[in-house]
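Colleague: I should be grateful for a close look at a single part of this model, chosen by you, with the reasoning set out step by step. Please explain how its side chains and strands are arranged.

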Amino acid sequence: TLVCCRVCNAGLAMVTVCCFGMVMYGGWYAWGVTQYGHLAAGTQTNDCFAGRVDPKKFNNENSIYMSVSDGRSMHLAVITETGKCFTWGRATHGQCGTGSNPSHYTNPQDVTAISGSPLNGEKIIHVCCENSGQDTGMTYYMTDEGIIYFSGYSNTYGVYSGVYSSTSTNHQYTPIGLTNASTTYLSDNQKAVQLWVGGGRYAPK
């Protein structure tokens with residue numbers, strides 16, 4: 001069993017936002033504050049008791065990996081046993097990778113089944129959610145072919161996201177490849193074998 005708790009800084013106090021527990025058979029539980037639908041319950045109602053997240057929200061597949069960003073404006077991603085990737089929570093900068101930017105999603109979205117998305121039909125083997133705590137959500141996805149994709153907050157011409165842009169601020173609502181793409185910094189057909197993301201938008205990736 002793995003338990004992950006995310007907190008945010010509220011003045012001088014550290015306030016728990018929400019917690020998640022994944023169990024051996026691939027299911028998981030969630031409880032706490034859910035300002036942006038973090039508990040994947042379809043609502044924004046806080047819950048003090050751990051409740052199992054409905055497996056139907058993930059096509060009845062076992063979840064094998066979860067990533068949770070920092071701060072109150074968090075978003076989340078889960079990878080299932082077949083490589084599908086679901087995202088939900090804060091989405092205002094496109095960090096959920098659905099091609100749009102609503103305030104949030106209270107139910108998981110399958111980003112590997114969105115028509116027209118470069119992730120459609122791809123097998124995701126690793127995902128990293130990041131947020132500096134100032135509502136700057138980013139998500140990095142790695143496929144089994146060694147390609148890394150990015151969606152979310154992007155400013156300063158893409159220096160902190162890895163996505164080159166001719167404008168200072170160009171948030172990425174639809175995932176874009178960071179490898180073998182002429183519009184990104186890594187464009188020489190490299191394949192990624194691992195992926196790390198530090199804390200905050202100024203941290204190394």
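Modeller: A residue is called buried here when its relative accessible area is under 20%. The model is a predicted one, and the part I have chosen is the surroundings of Phe 58. At a relative accessible area of 2%, Phe 58 falls under that limit and is therefore buried. Trp 28 also has a relative accessible area of 2%, so Trp 28 is buried as well.

The rings come next. Two aromatic rings are taken as a pair if their centres lie within 6.5 Å, and by this rule there are five aromatic pairs. One of them is formed by Trp 28 and Phe 58: the ring centres are 5.8 Å apart and the planes stand at 50 degrees, so the arrangement is tilted. This pair connects distant parts of the chain, since Trp 28 belongs to strand S3 (residues 28-32) while Phe 58 sits in the loop between strand S4 (47-52) and strand S5 (63-68), 30 residues apart. Phe 86 and Trp 88 join Trp 28 and Phe 58 in one aromatic cluster.

The contacts of Phe 58 extend beyond these rings. With neighbours within four places in sequence left aside, Phe 58 touches Trp 28, Val 53, Ser 63, Val 78, Thr 80, Phe 86, Trp 88 and Pro 108. Several of these names return in the largest nonpolar core, which has 16 residues; Trp 28, Val 53, Phe 58, Val 78 and Trp 88 have the most contacts inside it. S3, S5, S6 and S7 are the elements that each give two or more residues to this core. A second core, separate from this one, has twelve residues, including Met 142, Phe 150, Tyr 153 and Ala 192.

Three of those contributing elements lead to the sheet. It is an open sheet of four strands in the order S5-S6-S7-S8, paired in the antiparallel sense. S5 and strand S8 (104-110) occupy the edges with a single partner strand each, so one side of each has no neighbour in the sheet. On average, neighbouring strands of the sheet are turned by 10 degrees against each other, direction ignored.

Taking the strands in order, five bridges connect S5 with S6 in antiparallel pairing, with Val 68 opposite Leu 76 in S6. S5 and S6 make a hairpin with six residues between them, and in its turn Gly 71 has a positive phi of about 85 degrees. S6 is then paired with S7, again antiparallel and over five bridges; His 75 has Gly 89 in S7 as its bridge partner. The hairpin of S6 and S7 has four residues between the strands, and Gly 83 takes a positive phi near 90 degrees there. Strand S7 (residues 85-90) is joined to S8 by four bridges, also antiparallel. Phe 86, a member of the aromatic cluster, has Asp 110 in S8 as its bridge partner.

Strand S6 (residues 75-80) merits a separate remark. Six of its six residues are buried, so S6 is largely enclosed by the rest of the structure. His 75, Ala 77 and Ile 79 point one way from S6, whereas Leu 76, Val 78 and Thr 80 point the other way, and all are buried. Val 78 and Thr 80 are both among the contacts of Phe 58.

A biochemist may also ask about the cysteines. A disulfide is a covalent bond between the sulfur atoms of two cysteines. The cut-off applied is a sulfur-to-sulfur distance within 2.5 Å, and the search of the whole structure finds zero disulfides. For Cys 85, the nearest cysteine sulfur is that of Cys 129, 7.6 Å away. Cys 96 has its closest cysteine sulfur in Cys 129 too, at 7.8 Å, which is too far for a bond. Cys 85 is buried, with a relative accessible area of 0%, and Cys 96 is buried at 1%.

In summary, Phe 58 is a buried residue whose ring pairs with that of Trp 28, and Phe 58 is one of the residues with the most contacts inside the largest nonpolar core.

Conventions. Residues are numbered from 1 along each chain as its sequence is written. This is a predicted model: local features need pLDDT of at least 70, side-chain atom pairs count only at pLDDT 80 or more; totals for chains, interfaces and linings use all residues. Side-chain values use heavy atoms; hydrogens and water are left out. Rings of Phe, Tyr and Trp (its six-membered ring) pair if their centres lie within 6.5 Å; planes under 30 degrees apart count as stacked, over 60 as edge-to-face and the rest as tilted. Buried means under 20% relative accessible area, exposed over 50%, partly exposed in between (1.4 Å probe, protein chains only). Two strands pair if DSSP finds at least two bridges between them. Axes are lines fitted to C-alpha atoms, for helices over the stretch in contact, and angles run from 0 to 180 degrees between N-to-C directions. A nonpolar core is a set of buried Ala, Val, Leu, Ile, Met, Phe, Trp, Tyr and Cys residues joined through side-chain atoms within 4.5 Å. Contact means heavy atoms within 4.5 Å.
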